[in-house]
Amino acid sequence: MAGAYDELGMFRENAEEAGLPWRGLPAVERRSVEVVPGRSVSALVWGTRDPEIVLLHGGAQNAHTWDTVALALDRPLVAVDLPGHGHSDWRPDHEYSPPQLADDVAVALRSLAPMPRMVVGMSLGGLTALCLSARHPDLVRRLAVVDVTPGTDEAKAEPIISFISGPEQFTSFDEILERTVQFNPTRTVSSLRRGVLHNAHEQPDGTWVWRYDRVWARPPEFGSLWDAVDAVQVPLLLVRGGLSGVVGDEDVEELRRRQPSARVVVVEGAGHSIQGDRPVQLARVLDEFLGAGAPRGGGRGRGR
């Protein structure tokens, strides 16, 4: 059984599972920004100071995929629900290409985090972050891309596509959790249970459905986005999952050909969703990339 859902009530579980010290509830609030009339982008705002970091999740995920990473970073940040995901509104045209997502995210960030020191994007969020850097460079001062490049295609993403192409609804919470566990062998059941609670909801008839717009069952071709890599004018980091096949060595070679100064880090023991498999290690990589010059502790605080 799922039990009662408290969106901001599971952070202690995240911390304890990751071996992070628990110092009380962090200051986190959900905020929404209208990006066009009648359509909003929602986000989780961590901390009480100006956000230093922006986190963009992957396709068929939501902002809560970053919860443990946010706790480990302990910095003020914003974790965005991409349009069509989480608590953000779906686009009426159901078009979610990275350039379109980047334009929507840019509007939200000008309200929520106009001067971030780093933008981090995973998978679809990583491609969106690349487009954000190319189309709205004033919002990106440092860019970290997690386990994706424009070379990611249907063959490389096949395990992800197989998962999100599953049933449209499930008879119970246990059924949707069972399928999630089946397709995520590198994750703990407890973390996946939290993930399903954040990423699905129960309907009046007792069935369960995902929160995201299911057009992402078949992603588009991303090869044209190599132009966005060419346009990056800030420090660039690519983080690969050691157990993931979503990024090939040939993709890394192409990235380095276009951006010779780009850094590449492999997180061993992690699949595609590095933020779920090895969140503390990912936080360390991101913290090192960001640099140690900023004051710490601004990401936390009592209450919500």
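These exercises work through helix packing, backbone angles and enclosed space in a predicted model.

**Exercise 1. Helix packing**

Find how α3 and α4 are oriented to each other, and state which residues make the contact.

*Solution.*
Step 1. Locate the helices: α3 covers residues 98-112 and α4 covers residues 124-135.
Step 2. Take the geometry. The helices pack at an angle of about 70 degrees, with their axes 8 Å apart.
Step 3. Apply the cut-off. Angles of 65 to 115 degrees count as roughly perpendicular. Therefore α3 and α4 are roughly perpendicular to each other.
Step 4. List the contact. Helix α3 gives P98, P99, L101, A102, D103, V105, A106 and L109. Helix α4 gives L124, L127, T128, C131, L132 and R135.
Step 5. Sort these residues by type: 11 are nonpolar, 1 is polar and 2 are charged.

**Exercise 2. Positive phi at H94 and D147**

For H94, give the phi value and the place in the chain, then decide on burial. Do likewise for D147.

*Solution.*
Step 1. Read H94. Its phi is near 55 degrees, a positive value in a residue other than glycine. H94 sits in the loop between β4 (77-80) and α3.
Step 2. Read D147. This residue is not a glycine either, yet its phi is positive, at about 55 degrees. D147 belongs to the loop between β6 (143-146) and α5 (158-164).
Step 3. Classify H94. Its relative accessibility is 36%, so H94 counts as partly exposed.
Step 4. Classify D147. Buried means under 20% relative accessible area. D147 has 1% relative accessibility, so it counts as buried.

**Exercise 3. The largest cavity**

How many cavities of 30 Å³ or more does the structure hold? Describe the lining of the largest cavity.

*Solution.*
Step 1. Count: there is 1 cavity of 30 Å³ or more.
Step 2. Give its space. The largest cavity holds about 40 Å³.
Step 3. Name the lining: L130, V145, V148, T149, V229, L236, L238 and L255.
Step 4. Sort the lining. It has 7 nonpolar residues, 1 polar and no charged.

**Exercise 4. The second largest pocket**

Which residues lie closest to the centre of the second largest pocket? Add its volume and the make-up of its lining.

*Solution.*
Step 1. State the volume, about 180 Å³.
Step 2. Pick the central residues. Among the 13 lining residues, R31, R49, D50, P51 and L112 are the closest to the centre.
Step 3. Assign elements. β1 (28-36) and α3 each supply at least two lining residues.
Step 4. Sort the lining of this pocket: 6 nonpolar, 3 polar and 4 charged.

Definitions and conventions
Residues are numbered from 1 along each chain as its sequence is written. This is a predicted model: local features need pLDDT of at least 70, side-chain atom pairs count only at pLDDT 80 or more; totals for chains, interfaces and linings use all residues. Side-chain values use heavy atoms; hydrogens and water are left out. On a 1 Å grid over the protein atoms alone, a cavity is a set of points where a 1.4 Å probe fits but cannot get out, and a pocket is an open set with protein on both sides within 12 Å along at least five of seven lines; lining residues have an atom within 4 Å of a point. Grid points are joined across faces, edges and corners, and a volume is the space filled by probe spheres set on the points. Ala, Val, Leu, Ile, Met, Phe, Trp, Tyr, Cys and Pro count as nonpolar, Asp, Glu, Lys and Arg as charged, and the others, Gly among them, as polar. Axes are lines fitted to C-alpha atoms, for helices over the stretch in contact, and angles run from 0 to 180 degrees between N-to-C directions. Helices (H or I, at least four residues) and strands (E, at least two) are DSSP runs, numbered from the N terminus. Angles under 35 degrees count as roughly parallel, over 145 as roughly antiparallel, 65 to 115 as roughly perpendicular and the rest as oblique. Contact means heavy atoms within 4.5 Å. Buried means under 20% relative accessible area, exposed over 50%, partly exposed in between (1.4 Å probe, protein chains only).
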